[in-house]
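Visitor: I would like a close look at one part of this structure. Please keep it brisk.

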Amino acid sequence: MEKFQKNNLKKIIELLNSSDNNIIVLGAGMSAESGIPTFRGENGLWNKYGVPKMDSYNKFLNNPEEWWNNEINMKMDKYIYELRHKINVAKPHNGHFIISKLEKLGIIKGVITQNIDNLDHRAGIKNLIEIHGNRTKFRCIECEKTFDRNEIIIKKPPKNCPKCNGIVKFDTVMFGEPISKTKLDKAKQLFNQSKVILAIGTSATVRPISGLFWIAEKEGKKIIDINPNETNLKEISTLNLKINAKRFLEILEKGITK
Ligand code: NAD
Ligand code: ZN
């Protein structure tokens, strides 16, 4: 690691040790070292398969029955097929467990994840907002009730919601689908109460979470950007480090003094 980066690392650890309200925002890069590809970035799925049409929620709403039949017959975009397969076989890496440990120590007050892969939950993170949903669940589009999805391969469409008879989809947020207001409010609350925001493995381009960073910066909060590549946070981050998520968290674990 070059001198400038080493110096930044030292400052980041000092900042996290001295602040009493740190939160983490995770992006797809956090799970890259669990073998799950990102969308954006050099090794991302969009570089491999091209950028998809971002209209999946409209397609679902136009004809949910047809959508579920396509799903059952495995008629889906190649990038989705690959992402799902990689998620199905992935396990949390050491970095996920370190975040859970930092939460138990009180160093981290909460985690907003943009990931859908359930790895943060599996690692034991408790105060977790899965802003883009969770791949292991179904959700009613009317009342937002979620249900566990018991099988990996879906053989028949889920029944309508037992609570309100609404249409049921995967909990995972589709392109064009509005984010649950309840979840977004919780995420805003976590941002509001924080003093330091640690962004790990996110390009900070996907709304609505990306927007919260800019509001936070205006409010004088400190933003730390952990990513091997340059991100949108470049303009507003107090400190940044070009490093992989897992390595960073392993170094951080050693530097925490609590
Ligand atoms: P993103 O915008 O957060 O970009 C991914 C970022 O990860 C890039 O900035 C890249 O430089 C960085 N990265 C790559 N390897 C890394 C590593 N080892 N350590 C740290 N950072 C690394 O996310 P996206 O890929 O554009 O996906 C957008 C949305 O799609 C996500 O928010 C999520 O909802 C969904 N998605 C989820 C998963 C998952 O659940 N694992 C994977 C892909 C996409
Ligand atoms: Zn319902």
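Visitor: In which sense, left-handed or right-handed, does H8 cross H9?

Guide: This is a predicted model, in which local features need pLDDT of at least 70, side-chain atom pairs count only at pLDDT 80 or more, and totals for chains, interfaces and linings use all residues. Residues are numbered from 1 along each chain as its sequence is written, while chains are lettered from A and ligands numbered from 1 in the order in which they are written.

H8 passes H9 in a right-handed crossing (the near helix is turned clockwise from the far one by less than a right angle; anticlockwise would be left-handed). H8 spans residues 181-193 and H9 residues 209-218 (helices are DSSP runs of H or I, at least four residues; strands are E, at least two; both numbered from the N terminus). Their axes lie 11 Å apart, at an angle of about 25 degrees (axes are lines fitted to C-alpha atoms, for helices over the stretch in contact; angles run from 0 to 180 degrees between N-to-C directions). H8 and H9 are therefore roughly parallel (under 35 degrees; over 145 is roughly antiparallel, 65 to 115 roughly perpendicular, the rest oblique).

From H8 come Ala187, Lys188 and Phe191; from H9, Ile209, Leu212 and Ala216 (contact: C-beta atoms, placed from the backbone, within 7 Å). That contact has five nonpolar, no polar and one charged residues (nonpolar: Ala, Val, Leu, Ile, Met, Phe, Trp, Tyr, Cys, Pro; charged: Asp, Glu, Lys, Arg; polar: the others, Gly among them).

Elsewhere, an open sheet of three strands runs E5-E4-E6, with antiparallel pairing (paired strands share at least two DSSP bridges).

Note on methods: Contact = placed C-beta atoms within 7 Å.
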